[in-house]
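Here are a few notes from my pass through the model. Have it open while you read, and follow along point by point.

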Amino acid sequence: MFNPFRYVPIAGVLAIAMAAVCLSAIYRHGVVSMAEEQATHANFAVARVLVNSLGTSSQGILHDATRGPAARPPLGRRNGRLKREVRSLIRGLDITDVKLYTLNGLTVFSSGQSGIGAMVSHPAQFSDARAGHATSIIDLDNQRSLLARIMPEPSRVLSFLPVRSSAFGPVQGVIEVHSTVTGLVRRIDKAQLQVLLTALATLSALYFVVVLLARRANRVVRRQQPDRLSHVNSAHYQIYQDPLTGLPNRASFTAHVRETATRCGRSSRMFCIMLIDLDRFKVVNDSLGHEAGDKLLLEAVVRIRRSVRESDPIFRMGGDEFAVLMDGLERVEDAARLAQRIIDQLGEAVLIGGHEITAGASIGIAIYPKDGKTAEHLIKDADAAMYRAKESGRNRYEFFTKDMNLRAMERLGLETALQRALRNEEFILFYQPRVLLATGKIVGTEALLRWNHPQSGILAPDKFLPVLEESGLIVPVGTWVLRTACLQNAAWQAQGLPPIRVSVNISSRQFRNGSLVRTLSSVLQETGLSPKWLELELTESLLIENTDAAIDMMLQIKDLGVAISLDDFGTGYSSLSYLRQFPVDYLKLDRAFIKDLTASEKDMAITVAISNLARSLKMGLVAEGVEELQHMEFLRHHGCEEAQGFLFSRPVPAEQISSMISEHGYSKGYLHRPN
Ligand code: C2E
Ligand code: MG
Ligand code: MG
């Protein structure tokens with residue numbers, strides 16, 4: 001909205017400056033005119049006195065000049081005498097020069113040092129005087145030049161008067177009288193500055209007062225505005241608001257859904273609506289009365305509000321039915337999770353009038369755009385889903401589309417099952433040996449997570465790792481992996497086996513969690529494993545997000561004495577400039593380059609290039625997923641130090657690793673290689 005108050009300060013300052021400058025200019029003009037007038041009067045008086053006193057001398061000079069050759073003024077004794085007479089007459093006055101001109105403008109007399117013989121310098125004023133009119137001019141221009149500022153010339157008033165032999169006789173010549181007004185002009189300048197400053201100060205003070213008053217008025221108007229608006233809006237309120245709960249009503253809900261559908265349609269985003277119906281409201285209302293019913297409704301609002309995000313609006317659709325709009329929905333299971341939270345909240349008992357009441361709720365969910373693209377369509381679908389929830393036994397939620405129920409349930413079921421798995425110690429670790437290619441000795445193992453599912457048996461991480469990540473469960477599970485791997489490695493060493501390094505995969509959620517370094521040092525302390533036998537595997541994508549923080553974290557890990565490797569190298573960003581900055585000990589070349597290694601020239605070239613890169617960056621290189629003998633030979637030939645893969649061993653339980661190390665410390669695959 002246009003706010004004129006925003007421009008008041010600039011406009012005010014400009015107006016003040018302009019007004020002050022104008023005032024001081026007007027003042028100066030007036031004062032200078034007065035000074036000019038006064039000086040003119042004085043000059044005229046002096047000129048008359050001079051003409052009268054000098055009488056015949058001046059007339060004689062003019063007479064001679066008019067008669068003689070025009071270009072040659074009569075110089076001589078008469079002129080010298082006249083100069084002396086004039087000087088004695090003007091002594092003590094502000095008169096600086098007196099000049100006498102013939103009717104054709106030739107200077108025939110000057111009380112100053114020079115000028116005789118020159119033509120008049122102000123022809124306009126001279127012409128006026130020759131025509132019989134006394135005239136004056138103030139000469140200030142000389143003050144404005146740069147030279148005049150360094151060597152100021154006096155300000156002068158130049159007056160021109162006709163010279164006549166008698167009061168009404170013909171004009172015989174023109175007398176010019178210069179008087180200095182320098183002192184006066186300086187005083188005027190000073191006074192003008194004072195006027196300017198005073199005007200500025202006065203106007204600023206006035207302006208300040210006006211601004212204060214305007215601000216105050218603005219504040220009062222703003223304060224009164226909501227009152228005014230509230231009156232205007234009360235009609236709107238009755239149409240769109242529910243008076244009991246203060247929530248927006250059904251009409252408002254439809255408008256909201258319509259508006260959100262338009263917005264999400266433009267940005268291809270999902271949102272969902274939920275219709276929530278209290279299961280036992282009618283019983284309470286009928287048996288305990290309306291007042292108790294109202295209390296139950298108000299309590300339900302409090303609990304629904306507690307369950308949703310602050311940005312999700314709640315509506316009362318009428319009776320015991322509420323609605324929630326969940327904007328920016330990313331996963332269907334998020335809607336299921338919210339619905340379950342609301343059901344849990346409304347499933348807790350409320351104390352009303354000494355009675356413990358459990359309202360319970362059935363919820364129907366419709367998702368935009370899958371279930372419908374218009375508000376009417378979505379609301380109808382959510383309603384149908386809500387009735388289905390009621391029919392299927394109440395106190396539950398239903399998606400309009402049935403396979404969504406399944407998906408959400410599977411997902412939520414998996415999350416719950418994983419929580420249980422952590423509690424029930426269903427997770428186990430498998431270890432895959434890492435071999436030094438030069439000797440074939442096992443120098444390390446990678447700890448790989450498995451879920452020993454009670455029904456499905458051993459599950460690989462691709463089945464559950466994404467849910468562990470999304471739900472945040474990876475943080476406690478990751479800590480468990482770290483502790484178990486360190487304990488296992490310490491146990492192998494305690495058995496007297498040759499020491500090897502154990503490497504543990506770290507997920508981005510764990511890395512960004514902030515407590516990784518703390519966990520790491522406490523695990524090392526707890527298990528007694530020396531940090532040099534531990535390595536953490538990080539992926540590039542995890543380090544790219546906030547490089548500086550990542551480097552800082554890596555340095556802290558290195559400070560503990562723990563090694564770092566860059567897992568799945570070559571599949572991520574592989575930015576060389578980043579790589580240079582990362583304090584990494586090993587690059588783990590991804591299986592993608594190894595699996596067709598000897599058949600693909602490109603993969604061979606990449607492998608050789610990465611091997612050279614690792615060497616020049618002084619990092620070790622480990623090849624992942626080595627399954628073929630010729631792949632191993634190629635890698636060894638091109639300077640790759642270590643390898644891991646089914647050729648040597650699949651990931652196996654800890655006991656098998658101990659027997660592998662105890663059998664001379666060699667992996668089977670290497671021992672069986674043809675020489
Ligand atoms: P990764 O860290 O790159 O681990 C190597 C994966 O390659 C393992 O799969 C391993 O079984 C498989 N592998 C090793 N050698 C060969 C081979 O010669 N051929 C083939 N085809 N595959 C081979 P796994 O155990 O299924 O693990 C998959 C991924 O899950 C791991 O990739 C790692 O990123 C992640 N992961 C495993 N355990 C953990 C853990 O405890 N924490 C976290 N955050 N991630 C884990
Ligand atoms: Mg790994
Ligand atoms: Mg890997």
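1. Let's start with the strands: how many bridges join β16 to strand β17, and do they run parallel or antiparallel? This is a predicted model, and in it β16 and β17 (residues 534-539) run parallel, joined by four bridges. If you want a spot to click on, V504 has L536 of β17 as its bridge partner.

2. Now look at what else β16 pairs with. Strand β14 (residues 442-453) pairs with β16 (residues 501-505), in the parallel sense and over four bridges. Here V504 turns up again, as the β16 bridge partner of A447. So V504 is a handy landmark: A447 is its partner in one pairing, and L536 in the other.

3. On to the helices. α16 (residues 516-527) packs with α18 (residues 547-559) at an angle of about 10°, and their axes are 10 Å apart. Angles under 35 degrees count as roughly parallel, and therefore α16 and α18 are roughly parallel to each other.

4. What meets what in that packing? From α16 you have L516, V517 and L520, and they meet M553, Q556 and I557 of α18. By type, the residues of this contact are five nonpolar and one polar, with no charged ones.

5. Last, the cysteines. The disulfide count comes to zero. Two cysteines are worth a look for their surroundings: C640 counts as buried because its relative accessibility is 4%, under the 20% cut-off. C22, with a relative accessible area of 44%, is partly exposed.

Technical notes: Residues are numbered from 1 along each chain as its sequence is written. Chains are lettered from A and ligands numbered from 1 in the order in which they are written. This is a predicted model: local features need pLDDT of at least 70, side-chain atom pairs count only at pLDDT 80 or more; totals for chains, interfaces and linings use all residues. Side-chain values use heavy atoms; hydrogens and water are left out. A disulfide is a pair of cysteine sulfur atoms within 2.5 Å. Buried means under 20% relative accessible area, exposed over 50%, partly exposed in between (1.4 Å probe, protein chains only). Two strands pair if DSSP finds at least two bridges between them. Helices (H or I, at least four residues) and strands (E, at least two) are DSSP runs, numbered from the N terminus. Axes are lines fitted to C-alpha atoms, for helices over the stretch in contact, and angles run from 0 to 180 degrees between N-to-C directions. Angles under 35 degrees count as roughly parallel, over 145 as roughly antiparallel, 65 to 115 as roughly perpendicular and the rest as oblique. Contact means heavy atoms within 4.5 Å. Ala, Val, Leu, Ile, Met, Phe, Trp, Tyr, Cys and Pro count as nonpolar, Asp, Glu, Lys and Arg as charged, and the others, Gly among them, as polar.
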